[in-house]
Amino acid sequence: MKQVVQNYKSGELAVLDVPVPGCKPGGVLVRSAYSLISTGTELMKVSEAGMSMLGKARSRPDQVAKVMQSVATNGVPATYRKVMGKLDSYTPLGYSLCGVVEQVGAGIDDVKVGDLVACAGNEHALHAELNWVPKNLYAPVPDGLAPRHAAFGTVGSIALQGVRQGESQLGEVALVIGLGLIGQLVVQLLAASGVRVVGVDPDPVRCELAARLGAMACGDPASAAVEASVAELTDGHGVDQVYLAAGGGSNQPVELAARLSRDRGRVIDIGKCRLDLPWNAYYEKELDVRFSRSYGPGRYDPEYELEGRDYPIGYVRWTERRNLACFLDLVARGSVDVEPLVSHVADFDDAVETYQRLKDGELKAVAVLFRYPRQDGKAEEAAAPAVTVPAVAVSTKSVKRSPARDAKSPVRLAFVGAGNYATSMLLPHLARREGIELSTVVTTTALSAANAQRKFGFAEATTDLDAVLGDKSIDAVFVVTRHSSHAELTRRALLAGKTVFVEKPLALTEDELADVLAAVEESGNDRLQVGFNRRFAPLLQEARKRFGARTGPANLRYLVNAGRLQHGSWYLQQGSEGSRFAGEGGHFIDTASWLLDADPVSVYAVAPSGNEDMQVVLRYPDGSTATISYVTTGPAGLPKETLDLVADGKALRLDDFVRASVYGRKKWVSSRLPKARDKGQNAELASFIKAVRTGGPMPVPLQSLVATTAATLAVQTGLAGGAPVTLEKPR
């Protein structure tokens, strides 16, 4: 089997072929599905290995003290040989994983072969294809919890034990210093416990993530905003608890903890940070300093960890194993969401490259997962309880393209539907454009057709769709009706040989999407455009150009303040017209995919009960992620759409299509646009008309339209199933 190892003397990292561990009594042999890189602890170890001997000594004074003791006891030569022998050997990495039980040792009766378990321990939950894990260091994975999420079990237990040490109570205020992997989990655990949380981290991206995951305020440790938030939340008394989840050599976290704590507050050290306590500050407030020992009671006790001797629950309520099981349950029930923390998923064979990218800073991540191959050689995904969207077939037939038109010959258009969006956002642009003839408008009621004819100058108005589809002089058909009819009208228009512009959504169900693609296959006509207009917005186009190409994975955040619908809106007719997100969510997914230049490979969605607010996390092939926060309960004064894209040390920000900025070597800020926002409809229509006139390719490839639609539909599937949804690539 293969395992990730490191030579602490040289710093070399390697994936070695090593023997399969035996399945000893009192434990199980587990085949890894996913293992988690601790971007704090493990990277510290990897970085230390690359230091000089002097640097290693300075970073580990505890080990230097042991060496000096050995010198006093055994002499210099013997100590030197012992130290060099230990340094110049391969050591394992990893301590948190999820996998499938492959073999059960004697004395084990709580799991069986084929069960999914989460495993812990820096000697038993290693980055390796197979691990032997003793009983008290694994826990069964609850039904419905994805393996990639269960792989967080160990780090989750560390965070959970820290929160237990804080003895938090409902209504208290806590300060979390350090918003890395552990800090982000502490924020969520505290918020789930009814504690109001303020986060502190110099990284604004991590602050934004913590705010999305439950923190009431976040900021830089040097920012006055943090102190102001604490003062406001505590009436000036200071926080009840401080959780030190930061690392490094600075004493700033300890000093900040004292400054912002209340009298007799509690300071809990979870991370490995400098702890030079300022005596006066801690003495005057009589602060209670506590340490959190890793995963919980049982840690470092060989009788508990290796021999399986449990502590009686009446005396020790929360042990290592019980913490592990508790955290898995919290994630399974949606009280803690780990998916937004996953910055990158790498194949296990790419482990060395992944560590190097993390060490060099090329890959900036909160959490990174290794994905292991199954025995059949495929990447491990089958064990995940995710719902898979059926693959869709795109025609390989030669496409029937309209011939290029004479420049003097107008493009003749028909509109099916003339509601508010058509008459306010599409037809005004088309009515002013030269070379366009508005031929026919089709509606279900005669009056609406007559109104559109009068206002925009259509040559004809009718309620007879068949007549329009049979009219060979019409070049393109716009489908701008209610959502439930889009797929069927598009299907019919494609079969009639028309070029089709259908307003979003293309389809409300997978069956409808399959019907549209069957029409493409049957007719050989793929001349289709869906009204995803934001990618055509001039301001966003300019910002993307100035942002430039990227080499590493990106993080994208898209906040959509959709607002409340008026009573009686047909958007509320979910039984017939689909959910609100199904109707308009494709806009935001398409924008994210266009900015990331790829189609999503998975979707994870969570939503609170009682409204249509939701978080949608999209993952892309290169490890990029896009988080769409879709809220209907936001205040009216909040901008509708704000977007941030961060990659390669650069950032792009879009403020509601009125201003954009790019941060990099040079900062670019656009001029503020007038009150009327240009969301790209005019440019989109121009591209569509050009494609119709010339017979050239459509503005957006069909595969992209299908991928966006499938991802939008997968949101509802994921909400219903409570698990990530894998998106198969269209064939």
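**Exercise 1.** In this predicted model, find the residues in contact with Leu341, leaving aside its neighbours within four places in sequence.

*Solution.* Apply the contact cut-off: heavy atoms within 4.5 Å. The search returns Phe152, Leu181, Gln184, Leu185 and Gln188. It also returns Leu209, Leu213, Val366 and Ala367.

**Exercise 2.** Place Leu341 in the largest nonpolar core, and name the helix that gives the most to this core.

*Solution.* Start with the core itself. It has 55 residues. Next, rank the members by how many other members they touch. Leu341 is among those that touch the most, together with Phe152, Leu181, Leu185, Val186 and Leu190. Then turn to the helices. Helix α7, residues 181-192, gives the most, with 7 residues. Finally, look beyond this core. A second, separate core holds 40 residues, including Phe588, Ala605, Ala660 and Val662. As background, nonpolar side chains in soluble globular proteins tend to be buried together.

**Exercise 3.** Work out the strand order of the open sheet of 3 strands, and say which strands stand at the edges.

*Solution.* Begin with one pair. Strand β1, residues 2-7, pairs with β2 in the antiparallel sense over 5 bridges. Within this pairing, Val5 has Ala14 of β2 as its bridge partner. Now add β4. The order becomes β2-β1-β4, with antiparallel pairing. β2 (13-17) and β4 (90-92) each have a single partner strand, so one side of each lacks a neighbour in the sheet. Those two are the edges.

**Exercise 4.** Describe the twist of this sheet and the helix that packs on it.

*Solution.* Take the twist first. Neighbouring strands are turned by 50 degrees against each other on average, direction ignored. Then take the helix. Helix α14, residues 351-360, packs on the sheet and touches β1 and β2. The direction of α14 makes about 165 degrees with that of β2.

Terms used: Residues numbered from 1 in each chain as written. Predicted model: local features only at pLDDT ≥ 70, side-chain atom pairs only at ≥ 80, totals over all residues. Heavy atoms only, no water. Core = buried A, V, L, I, M, F, W, Y, C linked by side-chain atoms within 4.5 Å. Buried < 20%, exposed > 50% of the residue type's maximum accessible area, 1.4 Å probe, protein only. Helix = DSSP H or I, 4+ residues; strand = E, 2+ residues; numbered from the N terminus. Pairing = 2+ DSSP bridges. Axes fitted to C-alpha atoms, helices over the stretch in contact; angles between N-to-C directions.
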